[in-house]
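Reader: I've just opened this one and I'm new to it. Could you walk me through a few things worth looking at?

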Amino acid sequence: MANFPVVDLGKLNTEERGATMEMIKDACENWGFFELVNHGISIELMDTVERLTKEHYKKSMEPRFKETMASKGLGSVQSEINDSDWESTFFLRHLPVSNISESPDLDEDYKKVMKKFALELEKLAEQLLDLLCENLGLEKGYLKKVFSGSKGPNFGTKVSNYPPCPTPDLIKGLRAHTDAGGIILLFQDDKVSGLQLLKDDQWIDVPPMRHSIVINLGDQLEVITNGKYKSVMHRVIAQTDGTRMSLASFYNPGDDAVISPASALVKEDETSQVYPKFVFDDYMKLYAGLKFQAKEPRFEAMKAMSSVDVGAITTV
């Protein structure tokens with residue numbers, strides 16, 4: 001098995017740019033995941049985000065998590081659980097309108113730092129989308145424009161902690177799934193592992209690496225690239241020791257964005273494009289009930305949907 005792809009973004013401004021772009025291309029085509037170092041987000045900011053996230057979990061989230069798990073009886077299960085996850089989580093929205101200021105149990109320092117971190121991640125996401133455009137032969141800004149819809153993209157962060165689990169063989173930290181959206185930027189714990197992706201029918205560990213950002217591709221990029229890039233099944237394995245921190249930021253299309261394969265990536269001799277055309281919010285409504293199932297039936301269901309006429313909506 002080839003090594004998990006680690007991309008040094010700092011090399012884009014050196015004579016190694018070509019090799020770096022090729023590494024990104026290979027990761028998108030064959031892994032659906034890669035890990036970024038020298039990504040431009042300051043180490044000091046990342047350290048502060050990590051410290052405040054872990055403090056907030058200890059103070060506010062951990063007591064709630066223990067109560068919830070106890071009430072569900074998940075701390076002493078005897079058989080495999082397939083309808084719950086061993087995770088403590090909350091969601092912060094950044095775009096189109098931030099909800100961080102209204103989050104009642106976040107202290108002001110944490111709110112301020114998360115807003116700053118979100119701005120850095122937004123810039124990095126848009127840089128990555130343009131690098132993908134370059135590799136795909138699409139004009140610069142194409143993916144951002146498609147994602148924008150009429151009100152701009154959706155962007156938010158799922159803040160998760162995966163506490164020690166007494167029965168990791170019976171309950172997952174997070175069940176296997178592909179991500180519905182666009183491009184995902186993950187700042188994960190560098191000491192406690194657990195994230196795995198499915199490659200060639202084998203579960204592969206995504207290595208924890210200090211101050212890295214893990215990138216993975218969502219279903220929408222698979223559709224837009226007409227299957228050239230793939231969204232990949234991944235999961236979190238619960239651990240018996242240590243609490244794993246995970247901040248996954250989702251740069252997704254806007255609700256009314258129309259998603260379809262880029263015409264430049266659909267060959268003229270193909271009898272039909274492989275993927276459907278749809279409005280992103282319609283896909284999300286379908287995904288909500290089918291997240292932990294295979295993505296292919298979701299794509300087929302979108303093809304079959306005839307109640308929404310996306311043809312009349314302007315596309316890029």
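Author: Happy to, and keep in mind that this is a predicted model. Let's begin in a loop, the one between β8 and β9 (213–217), where histidine 211 is found.

Reader: Okay, is histidine 211 buried or exposed?

Author: Histidine 211 has a relative accessible area of 17%. Buried means under 20%, so histidine 211 falls on that side of the cut-off: it is buried.

Reader: And what is its phi, given that histidine 211 is not a glycine?

Author: Histidine 211 isn't a glycine, yet its phi is positive. The value is about 65°.

Reader: Where is aspartate 200, and is it buried or exposed?

Author: Aspartate 200 also has a positive phi, about 50°, although it is not a glycine. You'll find aspartate 200 in the loop between β7 (195–199) and β8 (202–205). Its relative accessible area is 58%, and exposed means over 50%, so aspartate 200 is exposed.

Reader: Which strands make up the open sheet, and in what order?

Author: The open sheet has four strands, and their pairing is antiparallel. Neighbouring strands in it are turned by 25° against each other on average, direction ignored. The order is β5-β10-β7-β8.

Reader: Why is one side of β5 and of β8 left without a neighbour in the sheet?

Author: Look at where β5 (174–177) and β8 stand: at the edges of the sheet. One side of each has no neighbour there because each has a single partner strand.

Reader: How many bridges join β7 to β10, and which residue stands opposite leucine 197?

Author: β7 and β10 (residues 234–236) run antiparallel, and three bridges join them. Opposite leucine 197, in β10, stands histidine 234.

Reader: Which two residues does the cis peptide bond join?

Author: Omega is about 5° at this bond. One of its two residues, proline 96, lies in the loop between β3 (88–95) and α3 (108–136). The cis bond joins leucine 95 and proline 96.

Reader: How many disulfides does the structure hold?

Author: A disulfide is a covalent bond between the sulfur atoms of two cysteines. The structure holds zero disulfides. Take cysteine 133, which is in none: the nearest cysteine sulfur is 11 Å away, and it belongs to cysteine 28.

Reader: Is cysteine 133 buried or exposed, and what about cysteine 165?

Author: Cysteine 133 has 1% relative accessibility, so it counts as buried. Cysteine 165 has 1% relative accessibility too, so cysteine 165 also counts as buried.

Key: Residues are numbered from 1 along each chain as its sequence is written. This is a predicted model: local features need pLDDT of at least 70, side-chain atom pairs count only at pLDDT 80 or more; totals for chains, interfaces and linings use all residues. Side-chain values use heavy atoms; hydrogens and water are left out. Buried means under 20% relative accessible area, exposed over 50%, partly exposed in between (1.4 Å probe, protein chains only). Two strands pair if DSSP finds at least two bridges between them. Axes are lines fitted to C-alpha atoms, for helices over the stretch in contact, and angles run from 0 to 180 degrees between N-to-C directions. A disulfide is a pair of cysteine sulfur atoms within 2.5 Å.
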